[in-house]
Structure formats: structure tokens, C-alpha cells
Amino acid sequence: MTVRATVVGVGHYLPERIVENAVFAQGLTGITEDTIQLDTSDEWIRSRSGIERRHFAAPGQTTSDLATRAARAALDDAGLAADDVDAIVLATSTADLTFPSAATMVQAQLGMTRGFAFDVQAVCAGFIYALANANALILSGQAKRVMVIGAETFSRIMDWTDRGTCVLFGDGAGALILEASEGDGTNADRGILSTDLNSDGRFRDILYVDGGSSTGTTGYLRMEGKEVFRHAVEKLAATATTAMEKVGMTPDQIDWVVPHQANIRIITGTARKLGLPMEQVVTTVQDHGNTSAASIPLALSVGKERGQIKRGDVVVTEAIGGGLAWGAVVLRW
Ligand code: ACO
């Protein structure tokens with residue numbers, strides 16, 4: 001008998017406000033005190049990133065609010081109550097406060113009075129890291145059910161004068177519930193089959209937020225887009241391949257790739273390197289923009305809703321982000 005961490009519920013939440021690309025040039029109100037007006041176009045954003053629109057949180061709406069909505073949707077999908085869950089692992093780089101964790105705020109908002117909750121910070125790779133941690137908690141017997149959430153309000157860390165970054169990101173949240181189940185130890189089992197995590201702190205300066213305890217401010221996202229792009233395709237294809245190799249799998253055994261939704265050119269480049277057609281790739285970047293740690297659970301939830309991901313399908317999910325940190329998970333849905 002092999003213990004497996006199996007997905008028993010999934011859900012997501014997107015803030016109501018949808019902003020189309022064209023609005024950045026026309027004038028975007030309600031985000032800062034002034035109107036945001038950028039020298040950009042729908043054509044530029046769409047052709048460079050594949051993004052057409054994104055959701056922005058309402059004033060006062062926080063990361064833990066979005067996360068709680070996604071968590072409730074996942075609990076409903078699983079037919080569970082909050083107290084049926086032993087742990088919450090929440091991936092975010094935009095927690096409401098420096099501390100306590102957004103995860104404990106979600107725990108309180110759900111009315112969950114038992115178990116434990118903590119945040120994971122690995123930027124856009126955060127959900128992969130959170131899944132790997134949740135898997136380890138289940139395999140080591142420390143928890144039987146773990147809620148894994150990715151939630152972000154990146155609109156709060158945008159420099160709205162930097163057209164090279166602020167048009168690329170959005171807000172949202174997604175959640176999965178993992179449950180300990182019994183498998184026979186083969187790739188036929190449902191649940192997480194393998195994980196692969198990597199980081200290399202030498203690349204700090206190509207993607208970071210220039211605030212924190214060292215500055216006493218929240219700071220703004222800074223990115224050397226071309227440099228990030230250069231690392232992304234190569235490292236994503238490598239980690240996805242490693243995760244498959246760990247369980248003796250090859251791309252022809254994969255039903256779906258669910259990539260971090262940063263840029264359609266990174267997504268297609270990685271799929272090409274893996275030798276998988278775009279018909280087997282779940283894409284939501286056009287509607288959500290880059291929601292960092294939220295993008296993968298959002299794509300899993302939307303992919304299930306669309307009827308793409310079905311029970312028994314093999315899913316490879318991969319992400320890269322600030323750090324650099326990157327990784328992949330292979331699971332049978
Ligand atoms: N509208 C119009 N023009 C723009 C905009 C904009 N929003 N932003 C930049 N430009 C201009 C630049 O000023 C530059 O003009 P110049 O040639 O006169 O100097 C020109 O467009 C080209 O800019 P580049 O930065 O060279 O454009 P590039 O083709 O590299 O595309 C992009 C930029 C989309 C950021 C790309 O590099 C990219 O996708 N990189 C990966 C970034 C990414 O996905 N990061 C997230 C992954 S990690 C994570 O998720 C946190």
C-alpha cells in the first residue's frame with residue numbers, strides 16, 4: 001500500500017472587475033488616486049504576452065478575501081466542511097500583512113478552529129512549492145486533508161508608470177483539496193506521482209519587489225522581462241521532464257500540461273520543447289493575465305470547468321518565478 005495525496009476538490013475566485021487591454025491607453029481609474037494612462041495598445045500587449053484582459057481586486061479586497069472565496073468553492077466541490085481539513089498551505093507573495101500569514105486569516109474567515117495554516121513564498125512557483133509541501137505533509141502522516149491555495153493581489157505591487165510590467169499581471173485565487181488515499185505505488189494511482197523543486201538565488205535581480213523589511217515599504221515589482229524569458233522556457237521544460245523521469249513517464253503519457261500562466265510565448269515554447277501540442281495545454285493567460293501563485297490553481301479549476309481535465313487524466317504542471325524558483329508536479333487527477 002502506498003499513500004497518495006489525491007485531489008478531491010477544486011475551486012477558484014476572480015474579482016468582479018475585468019480590465020481589457022485597451023483601457024490602459026484610454027485611462028484606468030479606481031486603482032490609484034490618479035487616472036492611469038499608458039503609452040501602450042491592445043495589439044502590443046496581446047502580441048507580446050497573449051494577455052487580453054485581467055481581473056483587479058476591489059479597493060479593500062485583500063489576498064485572504066480572494067483566497068477564502070476560492071477555498072469555499074473547493075470545499076463545496078469536495079462536499080467538505082472547513083473543519084474536515086487538517087491544514088491550509090497558501091502560496092502568495094502578496095499577503096495582506098507582513099504577518100500573520102494569509103493562511104491563518106483564511107483559516108479564521110472559514111471558521112476553521114482546528115489544524116494549522118501557513119504561507120509559502122516562492123513567487124510564481126509558489127503553488128508548485130505549496131503542492132510539494134502539502135504532498136509531504138500527507139505522505140509523512142502529519143495531515144490527512146490539506147487545502148492548497150494560490151492567491152494574489154499583484155495589482156497592489158505594480159508600478160503603474162512602468163508599462164513594461166503593469167500590463168502583465170492580474171489578481172485572483174484558486175484552491176485544491178488533497179486527501180490521503182491508498183494506491184498501489186504505480187503510475188496508475190490517482191494523486192501526486194512526483195514533484196521537482198529548484199531555485200537559484202543568483203538571479204535575484206532580474207525579478208524582485210523593491211520593498212520589505214529592508215526598506216520599510218511594500219515596494220513595486222521590478223523585472224528584466226527579456227532575461228526572465230530567456231530562463232523560463234529552458235528551465236520549465238527541464239523541470240517538467242525531470243518530474244516525468246522520476247516516475248518513468250514520457251510526454252506521450254501526459255494528457256494535460258497546466259503551465260504557470262505568465263506569457264503565451266513562454267507557454268507555447270515550453271510545450272514545443274516537451275513535444276506536446278497546444279491542444280493538450282490549458283491556457284487562461286488571455287483572460288487572467290499573470291496571477292503569479294494563483295495562476296496554476298486557477299487554470300486547474302477552469303480546465304476542469306471547461307471539461308478539459310477529467311478524472312484519471314495525467315497532468316503535468318510547471319512554474320517559474322522570482323528567485324529564481326521553479327518546479328513541476330506530475331499528478332493523476
Ligand atoms: N506597451 C507598448 N510598448 C511597450 C510596453 C507596453 N506595455 N512595454 C514595453 N514596451 C516597449 C519597450 O519600451 C521597448 O521599446 P523600445 O524598443 O523603444 O525601447 C519595446 O516595447 C520592446 O520592449 P521589450 O521589453 O524588449 O519587449 P519584449 O518583446 O521583450 O516583451 C515582455 C516584453 C512581454 C515583458 C517579455 O520580455 C516577456 O514576456 N518576458 C517574460 C516576462 C514574464 O513573463 N514574466 C513573468 C514570468 S515570472 C513570473 O511570473 C513572476
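Q: What do buried, exposed and partly exposed mean here?
A: Buried means under 20% relative accessible area, exposed means over 50%, and partly exposed lies in between (1.4 Å probe, protein chains only). The model is predicted: local features need pLDDT of at least 70, side-chain atom pairs count only at pLDDT 80 or more, and totals for chains, interfaces and linings use all residues. Residues are numbered from 1 along each chain as its sequence is written, and side-chain values use heavy atoms, with hydrogens and water left out.

Q: Why is methionine 1 called exposed?
A: Its relative accessible area is 70%. Exposed requires over 50%, so methionine 1 qualifies. Methionine 1 sits in the segment before β1 (2-13); strands (E, at least two residues) and helices (H or I, at least four) are DSSP runs, numbered from the N terminus.

Q: What makes Met1, Val3 and Leu139 a patch?
A: Patch residues have over 30% relative accessible area and no salt bridge; like charges are joined within 9 Å, nonpolar side chains (Val, Leu, Ile, Met, Phe, Trp, Tyr) within 5 Å. Met1, Val3 and Leu139 form a nonpolar patch on the surface. Together they have about 310 Å² of accessible area, computed by the Shrake-Rupley method with a 1.4 Å probe, where for residues only the protein chains shown count as cover.

Q: Why is tyrosine 129 called buried or exposed?
A: Tyrosine 129 has a relative accessible area of 16%. Buried means under 20%, so tyrosine 129 is buried. It belongs to helix α5 (residues 126-139).

Q: How do you know that serine 155 and aspartate 171 make a polar contact?
A: Their side chains are joined at 2.7 Å. A polar contact is a pair of N or O atoms within 3.5 Å; within protein, one must be able to donate a hydrogen and the other to accept it, and residues adjacent in sequence count only if both atoms are side-chain atoms. Serine 155 lies in the loop between β6 (145-153) and α6. At 8% relative accessibility, serine 155 is buried.

Q: What makes aspartate 189 and arginine 4 a salt bridge?
A: A salt bridge is a side-chain nitrogen of Lys or Arg within 4 Å of a carboxyl oxygen of Asp or Glu. Here the N to O distance is 2.8 Å. The pair links distant parts of the chain, 185 residues apart. Aspartate 189 is buried at 7%, and arginine 4 is buried at 10%. A search of the whole structure finds 16 salt bridges.

Q: What makes arginine 53 part of a network?
A: Arginine 53 meets glutamate 20 in a salt bridge at 3.0 Å. Arginine 53 also forms one with glutamate 52, at 3.3 Å. Salt bridges that share partners join Glu20, Asp42, Arg46, Glu52, Arg53 and Asp287 into one network. Glutamate 20 counts as partly exposed, at 35% relative accessibility.

Q: Which residues surround the ligand most closely?
A: The closest are Thr40, Arg48, Cys124, Asn263 and Asn290, among 23 residues that surround the ligand. To be near, a residue needs a heavy atom within 4 Å. By class, the shell has eleven nonpolar, seven polar and five charged residues. Ala, Val, Leu, Ile, Met, Phe, Trp, Tyr, Cys and Pro count as nonpolar, Asp, Glu, Lys and Arg as charged, and the others, Gly among them, as polar.

Q: How do you know that asparagine 263 contacts an oxygen atom of the ligand?
A: A polar side-chain atom of asparagine 263 lies 2.4 Å from that oxygen atom. The ligand alone exposes 1000 Å², and the protein buries 74% of that.
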